[in-house]
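Dear colleague,

I am passing on the structure we spoke about, and I would be glad if you could look through it alongside the notes below.

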Amino acid sequence: MQFAPAIVQKLESQARRFDELTEQISRPEVASDGKRLPALLQERGRLQSAADLAQRLRALVARRSEAEHIVADPKADADLAALAREDLAALDAEERALDDEIKAALITEPEDLRRKVIVEIRAGIGGDEATLFAADLYRIYRRYAESKRWRIEDLDVAHTDVGGFKEIVFAVEGEGAWSRLRFESGGHRVQRVPETEAQGRIHTSAATVAVLPEVEAVEIEIRPEDLRIDTMRAGGAGGQHVNKTESAVRITHLPTGIVAICQDDKSQHKNKASAMRMLASRIYDAERQRIEKERAAERKSQVGTGDRNARIRTYNYPQNRVTDHRLNENYSLELVTAGRLDPIVDELDARDREERIKNLA
């Protein structure tokens with residue numbers, strides 16, 4: 001078979017970058033640089049697969065060239081020519097398999113391998129019912145995370161008197177956390193009869209979900225002089241220390257205007273640490289979203305881009321169904337609320353992979 005030139009070119013480009021990084025890391029001044037070295041090692045690790053695949057591709061191309069030369073040579077030994085023909089037949093299957101591996105490697109982006117994410121759920125229109133829906137979404141993701149054996153850590157929670165959440169921010173860590181949860185970013189809508197509705201009328205409420213990659217220290221630099229840190233008394237329903245201590249922390253990143261607030265813990269130190277995690281992820285994600293929009297302009301489909309302005313899913317309680325608007329498919333409400341999100345995520349992932357492969361050529 002013939003490997004697509006564009007795909008080979010991209011693979012070789014990544015392999016060359018791997019060799020460049022290997023050479024850089026071997027330099028004494030780089031090896032002793034505690035700040036630069038981890039980032040280079042991380043990038044090199046991500047390119048290891050491409051380098052290995054490029055080497056395998058070159059070997060297969062060389063084998064095919066040699067075998068075709070022997071078969072085409074009228075003076076070639078008969079037994080040797082027979083072996084060359086057998087090798088050519090075997091090469092077809094090997095090349096198809098390698099082509100699949102190369103495509104899978106090239107469409108895998110650094111983000112896809114992340115194990116840590118920060119999820120933000122905010123109540124939208126719908127008053128108290130929207131805050132209850134936000135709490136329902138949180139329970140769905142908690143159940144899904146538990147089924148995957150991921151670790152969950154609540155970072156900041158704004159409770160309401162009715163038992164819902166105005167906002168909840170939590171961290172998730174585990175294998176595949178980003179690649180599975182990234183499709184949840186967007187607007188979620190619920191249609192149901194609220195508990196407070198005496199006439200039995202169906203109401204529509206909404207919440208938004210943002211899934212952010214949690215960044216490592218080597219991935220983003222936030223200078224202390226670019227931060228404004230304010231402390232205040234915690235407020236909101238459910239806090240035992242409300243208005244007693246200045247434990248709440250608000251951090252503003254002055255160059256971008258991005259803000260993170262945390263008041264969930266009694267400790268100002270812990271709230272500051274959580275707010276910094278949230279802030280770093282928001283700054284990083286803002287840049288990621290900018291790059292993604294540029295890429296999306298070249299795509300026919302935007303499955304998986306995480307556009308938070310788009311309504312992605314409706315939870316219809318009277319009809320016991322969940323509709324994912326990107327797939328235009330319906331799913332069991334009972335299964336989804338139990339945290340069984342894999343049927344939806346698998347289909348979204350498959351479509352996203354197809355689109356990425358199309359964009360390789």
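What follows is a short account of the sheet, the helices and a hairpin.

Please keep in mind that this is a predicted model. Eight strands make up an open sheet with mixed pairing, in the order 2-3-1-5-4-9-10-11, and its edges are strand 2 (151–159) and strand 11 (329–332), each of which pairs on one side only. From one strand to the next the twist averages 20 degrees. Within this sheet, strand 4 (residues 186–192) and strand 9 (residues 311–316) run parallel and are joined by five bridges, with R189 having T314 in strand 9 as its bridge partner.

Two helices deserve mention here: helix 5 (residues 127–148) lies across strands that include strand 4, to which it runs at about 115 degrees, while helix 9 (residues 342–358) packs on the sheet, touching strand 9, strand 10 (321–324) and strand 11.

Strand 7 (residues 248–253) and strand 8 pair in the antiparallel sense over five bridges, and V249 has C262 in strand 8 as its bridge partner. Four residues lie between the strands of this hairpin, where G257 takes a positive phi near 80 degrees. Along strand 8 (residues 258–262), I258, A260 and C262 point to one face and are buried, whereas V259 and I261 point to the other and are not.

Finally, helix 1 (residues 5–25) packs against helix 4 (residues 78–107) at an angle of about 60 degrees, their axes being 11 Å apart, and the two are therefore oblique to each other. In this contact I7, K10, L11 and Q14 of helix 1 meet I102, K103 and L106 of helix 4, a set that divides into four nonpolar, one polar and two charged residues.

With best wishes

Technical notes. Residues numbered from 1 in each chain as written. Predicted model: local features only at pLDDT ≥ 70, side-chain atom pairs only at ≥ 80, totals over all residues. Heavy atoms only, no water. Axes fitted to C-alpha atoms, helices over the stretch in contact; angles between N-to-C directions. Parallel < 35°, antiparallel > 145°, perpendicular 65-115°, else oblique. Contact = heavy atoms within 4.5 Å. Nonpolar A, V, L, I, M, F, W, Y, C, P; charged D, E, K, R; others polar. Buried < 20%, exposed > 50% of the residue type's maximum accessible area, 1.4 Å probe, protein only. Pairing = 2+ DSSP bridges.
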